[in-house]
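Visitor: I'm new to this structure and a bit lost in it. Could you pick out the packing of its side chains and take me through that part slowly?

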Amino acid sequence: MSEYFFARENVDIACYVFPDEHIDTVPGYSFTYPTAPVPLVIQYDSEVGCSVPDIFEMPAFSIRKSIFNTIDLQAIAGTNWVDIDLVHNGHHEFVMLQVTNQIKAIDRVNSNIKRYRKDDDGDEMMSGIRQLRIDPKVLAEVELAQRLIFIDPAWYKQVFFHKSVVEQLTKLKLTGVEFIPAEGYSDFGG
């Protein structure tokens, strides 16, 4: 089994968005602490007939609060979970993941990356990953408890989930996403 995985939606899911007045309330890569659940709505009326999954990936990884409360994800380093009021054929309680835990886990030498840029100040950006390779030396330097869920600072497209987190979720047979191995991942499928 691979050590790290990405979540990928595997059923027809409506496109959810924050209403304009809440557009910046739940950024994916910094923590916020709203005092009430933040509304999330369907973007297109044509999607009202879609069923509500247990987990969805966009705009950020979200899970039904009733399920979240039964598993051990609340205290993972570098993560925060915000209460969401999903308005879709009624109101549904979810929690949405925010991640500030950054690890340069993508092997910059052995991955096949279409676009890579490193600025003079050291900031990196990559896109068009043809084949992702994880740098085991970088991960070995970080305690497991500090790398259960993280992002690579050069590539915000995917959240890395450790296999122990994935095992907790997959044993529940939840609807909405599947977890695919990070090692060998391609933006272009296949």
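Guide: Sure. One word to settle before we go in: two residues are in contact when they have heavy atoms within 4.5 Å of each other. Also keep in mind that what you're looking at is a predicted model.

Let's start with Val99, which you'll find in strand E7. Its relative accessible area is 1%, and buried means under 20%, so Val99 counts as buried. Who surrounds it? Set aside the neighbours within four places in sequence, and Val99 is in contact with Gly28, Tyr29, Ser30, Phe31, Gly78, Ile149, Phe150, Ile151 and Val159. Another useful landmark is Trp81: it is 18 residues from Val99 in sequence, and the two C-alpha atoms are 8.9 Å apart in space.

Trp81 brings us to the aromatic rings. Searching the whole structure turns up 15 aromatic pairs. In one of them, Phe61 and Trp81 have ring centres 6.4 Å apart and planes at 70°, so this pair is edge-to-face. Phe61 sits in the loop between E4 and E5 while Trp81 is in strand E6, so the pair ties together parts 20 residues apart in sequence. Both of these residues, Phe61 and Trp81, are buried. Phe61 also pairs with Phe179: here the centres are 6.5 Å apart and the planes are at 50°, so the pair is tilted. With Phe61 in the loop between E4 and E5 and Phe179 in strand E12, the parts tied together are 118 residues apart in sequence. Phe61 and Phe179 are both buried as well.

Those two phenylalanines turn up again in the largest nonpolar core. This core has 25 residues, and the ones with the most contacts inside it are Phe61, Ile63, Phe161, Leu169 and Phe179. The elements giving it two or more residues are E1, helix H1 (65–68), E7, strand E10 (149–152), strand E11 (155–162), H3 and E12. For a closer look at one member, try Leu169: not counting residues up to four places away in sequence, Leu169 touches Phe61, Ile63, Ile71, Leu73, Leu174 and Phe179. Apart from this core lies another one, of 18 residues, with Tyr4, Ile113, Ile129 and Tyr185 among them.

Tyr4 and Tyr185 have ring company too. Ring pairs link them into a cluster with Phe6, Phe150, Trp155 and Phe160. You may remember Phe150, since it is also one of the residues in contact with Val99.

Tyr185 has one more part to play, at the largest pocket. This pocket has a volume of about 160 Å³. Ten residues line it, and those nearest its centre are Arg8, Ile180, Tyr185, Ser186 and Gly189. By type, the lining divides into four nonpolar residues, five polar and one charged. The largest share, three residues, comes from strand E1 (residues 4–9).

Arg8 gives us a way across to strand E12, where Glu178 lies. Leaving aside neighbours within four places in sequence, Glu178 is in contact with Phe6, Ala7, Arg8 and Asn10. Its relative accessibility is 32%, so Glu178 counts as partly exposed. For a sense of span, pick Pro37: it is 141 residues from Glu178 along the chain, and their C-alpha atoms are separated by 26 Å.

Last, a look at the backbone in a few loops. Most residues other than glycine have a negative phi, and most peptide bonds are trans. Asn89 has a positive phi of about 50°, although it is not a glycine. Asn89 belongs to the loop between strand E6 (79–87) and strand E7 (91–99), and it is exposed, with a relative accessible area of 52%. Lys173 also has a positive phi, near 55°. You'll find Lys173 in the loop between helix H3 (163–170) and strand E12 (177–181), and it is exposed at 71% relative accessible area. Then there's the bond joining Met58 and Pro59: this peptide bond is cis, with omega about 10°. Pro59 lies in the loop between strand E4 (55–56) and strand E5 (62–64), and Phe61, from our ring pairs, is in the loop between E4 and E5 as well.

Key: Residues are numbered from 1 along each chain as its sequence is written. This is a predicted model: local features need pLDDT of at least 70, side-chain atom pairs count only at pLDDT 80 or more; totals for chains, interfaces and linings use all residues. Side-chain values use heavy atoms; hydrogens and water are left out. On a 1 Å grid over the protein atoms alone, a cavity is a set of points where a 1.4 Å probe fits but cannot get out, and a pocket is an open set with protein on both sides within 12 Å along at least five of seven lines; lining residues have an atom within 4 Å of a point. Grid points are joined across faces, edges and corners, and a volume is the space filled by probe spheres set on the points. Helices (H or I, at least four residues) and strands (E, at least two) are DSSP runs, numbered from the N terminus. Ala, Val, Leu, Ile, Met, Phe, Trp, Tyr, Cys and Pro count as nonpolar, Asp, Glu, Lys and Arg as charged, and the others, Gly among them, as polar. Buried means under 20% relative accessible area, exposed over 50%, partly exposed in between (1.4 Å probe, protein chains only). Rings of Phe, Tyr and Trp (its six-membered ring) pair if their centres lie within 6.5 Å; planes under 30 degrees apart count as stacked, over 60 as edge-to-face and the rest as tilted. A nonpolar core is a set of buried Ala, Val, Leu, Ile, Met, Phe, Trp, Tyr and Cys residues joined through side-chain atoms within 4.5 Å.
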